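Q: I have a structure open and would like to talk it through. Could we begin with the contacts to the DNA?

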Protein chains: 2
Amino acid sequence: MPPTLEEVAKLAGVSRSTVSRVVNQHPNVRPEVRERVWEVIRKTGYQPHAAARSLATRRTRVIGLIIPQAVTTLFTDPYFPILIRGIADACNAHNYHLMLSLFSRRRVQESRARQDLLYQQVLRSRYLDGVVVSSAPLDDPIFPRLLEDGVPFVLIGRYSHERVSYVDVDNVVGARMAVEHLLRLGHERVATITGPLNMCAGQDRLEGYRQALAARGIPVDEDLIAEGDFTEQGGQAAMRRLLPHRPTAVFAASDMMAAGAIKVLREAGLRVPEDVAVVGFDDIPLASMVEPPLTTVRQPIEQLGSMAVELLVSLMENPGEETVHRVVLPTELVIRASCGVRSR
Amino acid sequence: MPPTLEEVAKLAGVSRSTVSRVVNQHPNVRPEVRERVWEVIRKTGYQPHAAARSLATRRTRVIGLIIPQAVTTLFTDPYFPILIRGIADACNAHNYHLMLSLFSRRRVQESRARQDLLYQQVLRSRYLDGVVVSSAPLDDPIFPRLLEDGVPFVLIGRYSHERVSYVDVDNVVGARMAVEHLLRLGHERVATITGPLNMCAGQDRLEGYRQALAARGIPVDEDLIAEGDFTEQGGQAAMRRLLPHRPTAVFAASDMMAAGAIKVLREAGLRVPEDVAVVGFDDIPLASMVEPPLTTVRQPIEQLGSMAVELLVSLMENPGEETVHRVVLPTELVIRASCGVRSR
DNA sequence: CGCCTTTCTGGGAGCGCTCCCAAAATTACC
DNA sequence: GGTAATTTTGGGAGCGCTCCCAGAAAGGCG
């Protein structure tokens, strides 16, 4: 049975309040008393009881990371571990703990119910001081709920509501750079495998693709656009749909999809990059490990996570001011072999 | 301001205690009263306050996942997301929440201090009802501490202490199957890139390698054993050390290391599998995506995670009995192209 | 040295819940 | 119809902490 404040107080010959002051670094404690109390704390291994503290302060020092339902499937994408590492590091640095809320990958309606339940349990029950939401579809019901409940949160991605803080990478520019690179290499039939179009990253990367074509005055051929879901399987399926339209280059909105596309191209007897150039997005470790190494758009995934936590912390710790923070991080084109750096 | 028990009670015209009974499904409540109370709960959106509840019950319904320091680097290995998914799903199913404790990847001594601090904060402060520990070195100080503090925990891996419950995969047999397969294909100089030898998975896979050789009466050549750290870079470095000893086949204790090894072999002008056969371990998604697709040992990663939670839950919910649970899951050899399924 | 500030300390109240016990209401049974 | 057993209900105490307020101690100053 671990000691309580009261017990420590008795051992140190002071009152509960004084021990509390010492623990919470309140300045008004005589140095010798402070030292005596610390001594007892050290000796007894006293540690404040989290629940009792939360009950009194109404804060838990726990941040939630919520990754809504459907996307859980994507969890095999190395994007997430890297993101989580960024988030976890930043949490550590700010002395917050991290609670992970994934949603079961079962049938949609069941999962919807679970999500409701979890939302109730985790947020309404005041488990969390704030949350980071990642990879949510634009119309996810979680946003209105969070806003209504007044839970501080930061989105990774974007959401057009004046009171939502977010951190995003410049998906439009990144995608545009990728496609422009392909066009510069002389490709005229550049296809794209998009992400899910109900997510902002999916939409933005498609927008970048369109902009790149538009800048060259090339009309968009809808047959060269296939929607994927960020997974390898999705990339394969999309590539199969694209194949009959004979693209000479493909911009995939994620490296996993690019890998899937390459597999399909190979099966169709096409060489990469000689017959079809491929560019991905993310620059996950896999990108440099496949054959040929992927040309891709690097996004600062870890920073995305840590930045989200920074914003959230500032949001939580200044509850008065209604400031909204928005950060957009830059992307970078990493040229490897899959685009076939050839002259036209 | 969310409603409290007391407020719900007043609205329903009953006492605090009765509402508590309804919420906690205690049978001794008259059905019509129960219904009336539920009605109010629904209307007000009442949700019990987690901290208050924890304070009274001394349980939090939160499970911690602890992945000790050094290994955090490995977090790019897709092994972890899959494991986490298994754990998260099982937590959901049992109505527990999941807290993630990773340790900062800074300098070792700093990280050691942080780990101490986190240990204090998270465990001594009773944030968690129990923990799952994954990928800890055998001599990690966390084990004695957990045992001493009487925190229920389940290890993913193994630990030889009578009071430790764990779930593991059959690394010895898995590794042995892999190496036997290579021997069966006619290889005589089979090298191995091991995992970190201070981890039991690393040791066991090496043991499987030794057993396979011993079964054929082949003496172990220590020059053909190189220690890695489960990362791609580690695999590359180990392969470089192995190269001068001209192995004709390599068994890598993880797919990431196998991928690294292949890269080095290629750079040395060797073909895989024609010149050197390679077998990995894990069967992460990457394994089927590289060229050539990896022959590897599949382990049920997700099940490993969910099983750990099952054990932990049973441990936590039957605190009286001193039962120790030990589960070892089977592995399976998945034959693809990298081993070169050729006749001798 | 006495009075007024400032610093330090102790105790009460309360955060929202559960759990126990006793009282009230109901049911069972002779 | 009355007593005993059982079910249902309400209230008190307490979980371990923080925060506020009032009182004690210390310091400043004429």
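Q: Which element gives the largest share of the surface near DNA strand D?
A: In this predicted model, H4(A) gives the largest share of the surface near DNA strand D, namely five residues.

Q: Which elements each supply at least two residues there?
A: H2 and H4 of chain A do, together with H2 and H4 of chain B.

Q: Which residues come nearest to DNA strand D?
A: There are 28 residues around DNA strand D, and those that come nearest are Leu5(A), Arg16(A), Tyr46(A), Ser17(B) and Arg58(B).

Q: How do the residues of that surface divide into nonpolar, polar and charged?
A: The surface near DNA strand D has 11 nonpolar, 10 polar and seven charged residues.

Q: What share of the strand D atoms within 4 Å of the protein belongs to sugar or phosphate?
A: Sugar or phosphate accounts for 55% of those atoms of DNA strand D, and bases account for the rest.

Q: Where are the phosphate oxygens of DNA strand D relative to side chains of chain B?
A: A polar side-chain atom of Thr18(B) lies 3.0 Å from one phosphate oxygen. For Arg30(B), an N or O atom in the side chain is 3.1 Å from a phosphate oxygen of DNA strand D. The corresponding distance for an N or O atom in the side chain of Asn28(B) is 3.3 Å.

Q: Now the other strand. Which residues are closest to DNA strand C?
A: DNA strand C is surrounded by 28 residues, of which Ser17(A), Arg58(A), Leu5(B), Arg16(B) and Tyr46(B) are the closest.

Q: And what lies by its phosphate oxygens, backbone or side-chain atoms?
A: Both kinds of atom appear. A polar backbone atom of Ser15(A) is 2.9 Å from a phosphate oxygen of DNA strand C, and a polar backbone atom of His49(B) is 3.2 Å from one. In Asn24(B), a polar side-chain atom lies 3.0 Å from a phosphate oxygen of this strand.

Q: Which elements give two or more residues to the surface near DNA strand C?
A: They are helix H2 (16-23) and helix H4 (50-57) of chain A, together with helix H2 (16-23) and helix H4 (50-57) of chain B. H4(B) contributes the largest share, five residues.

Q: What about the atoms of DNA strand C within 4 Å of the protein?
A: Of these, 56% belong to sugar or phosphate, and the rest belong to bases.

Q: How are the two protein chains related?
A: A turn of 180 degrees with a shift of 0.0 Å along the axis lays chain A on chain B with an RMSD of 0.0 Å. The two copies are therefore related as by a two-fold rotation axis. The same surface serves both copies, as 100% of the contact residues of chain A recur in chain B.

Q: Changing topic: where is Val23(A), and what is it in contact with?
A: Val23(A) lies in helix H2 of chain A. Leaving aside neighbours within four places in sequence, Val23(A) is in contact with Ile41(A), Tyr46(A), Pro48(A) and Arg53(A). The C-alpha atoms of Val23(A) and Tyr46(A) are separated by 10.0 Å, and the two residues are 23 residues apart along the chain.

Q: Lastly, strand E4 of chain B. Which residues point which way, and are they buried or exposed?
A: In strand E4 (residues 153-156) of chain B, Phe153(B) and Leu155(B) point one way, Val154(B) and Ile156(B) point the other way, and all are buried.

Q: How many bridges join strand E3 of chain B to E4(B)?
A: Four bridges join E4(B) to strand E3 (residues 130-134) of chain B, and the two strands run parallel. Val132(B) has Val154(B) as its bridge partner in E4(B).

Technical notes:
Residues are numbered from 1 along each chain as its sequence is written. Chains are lettered from A and ligands numbered from 1 in the order in which they are written. This is a predicted model: local features need pLDDT of at least 70, side-chain atom pairs count only at pLDDT 80 or more; totals for chains, interfaces and linings use all residues. Side-chain values use heavy atoms; hydrogens and water are left out. Copies are superposed by least squares on the C-alpha atoms of residues with pLDDT of at least 70 in both. Contact means heavy atoms within 4.5 Å. A residue is near a molecule or strand if one of its heavy atoms lies within 4 Å of it. A polar contact is a pair of N or O atoms within 3.5 Å; within protein, one must be able to donate a hydrogen and the other to accept it, and residues adjacent in sequence count only if both atoms are side-chain atoms. Buried means under 20% relative accessible area, exposed over 50%, partly exposed in between (1.4 Å probe, protein chains only). Two strands pair if DSSP finds at least two bridges between them. Ala, Val, Leu, Ile, Met, Phe, Trp, Tyr, Cys and Pro count as nonpolar, Asp, Glu, Lys and Arg as charged, and the others, Gly among them, as polar.
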